[in-house]
Amino acid sequence: IELVTKLSKAAGCNVKFEKRTFPGSLSAIENNEADFMGDVTITPERSQYGRFSIPYRRESLALYARPKFIESCQKGSVESLIKNGFRLGVTRRHIYGEEIKQIQNSALDKKLVYREENRDHLPLLAKDEIDGMLEDPLVMSYRMREKKEIGRLKLCKVAVNHGEVSFMYSKRVEQKIIERINQAIKKLQKDENYLNLIIWDG
């Protein structure tokens, strides 16, 4: 929120925040019910109904698992884990990279546990209904301080995906406004506190 507020102020825009799930936000952008959202990977499909800012941070997704799975996940792939009974929590409409995409396009997809938001997996961890989840290590480091359920998870040495994320805008937002946001991003990226802003907003 702080990052968006700073960028909007620098670009001369007024912002009103609305709470939506990630897939709900994508649908709102597509239907012109919302003007923008953050943490979006650019894809050809999304480009059909939205515009994008320049990337404002790099995202690295990693697998976090219960301690009993650490040894096996250090040696194998996510696919092999799932084949051996690992219950993976994923978020609808998120982009997780080619390995997860292949799993989603196979018979193994029915073994994935889908929710609307990553935070929705926390109660499932507490009830022992999933064995792990995918998250950006920067974001996870903050969440681990607040949620004891996450403390039960350990980082697997399996980098699932790397990429850049941008702000996504509905087509009704003029390109000149997005250009002002882009200039504000470039300026803020030179600020020594920028890393703290993007971690918090994650």
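Helices α1 and α9 are oblique to each other, where oblique covers angles that are not under 35 degrees (roughly parallel), over 145 (roughly antiparallel) or 65 to 115 (roughly perpendicular). This is a predicted model, in which local features need pLDDT of at least 70, side-chain atom pairs count only at pLDDT 80 or more, and totals for chains, interfaces and linings use all residues. Residues are numbered from 1 along each chain as its sequence is written, and side-chain values use heavy atoms, without hydrogens and water.

**Packing of α1 and α9**
- Helix α1 spans residues 2–11 and helix α9 residues 175–188; their axes lie 8 Å apart at an angle of about 120 degrees.
- The crossing of α1 over α9 is right-handed.
- From α1, Leu3, Lys6, Leu7, Ser8, Ala10 and Ala11 meet Arg180, Ile181, Ala184, Ile185 and Leu188 of α9 (contact: heavy atoms within 4.5 Å).
- By class, this contact of α1 with α9 holds eight nonpolar, one polar and two charged residues.

**Isoleucine 100**
- Helix α6, residues 98–104, contains isoleucine 100.
- Isoleucine 100 has a relative accessible area of 1% and is therefore buried (under 20% relative accessible area, 1.4 Å probe, protein chains only).
- Isoleucine 100 and asparagine 161 are 61 residues apart in sequence, with a C-alpha to C-alpha distance of 9.0 Å.

**Confidence**
- The average pLDDT of the chain is 86, and 90% of the residues score at least 70 (pLDDT: the predictor's confidence in each residue, from 0 to 100).
- Among the elements of the chain, strand β2 (residues 50–52) has the highest mean pLDDT, 97, and helix α10 (residues 194–201) the lowest, 56.

Key. Helix = DSSP H or I, 4+ residues; strand = E, 2+ residues; numbered from the N terminus. Buried < 20%, exposed > 50% of the residue type's maximum accessible area, 1.4 Å probe, protein only. Axes fitted to C-alpha atoms, helices over the stretch in contact; angles between N-to-C directions. Left-handed = near helix turned anticlockwise from the far one by under 90°. Nonpolar A, V, L, I, M, F, W, Y, C, P; charged D, E, K, R; others polar.
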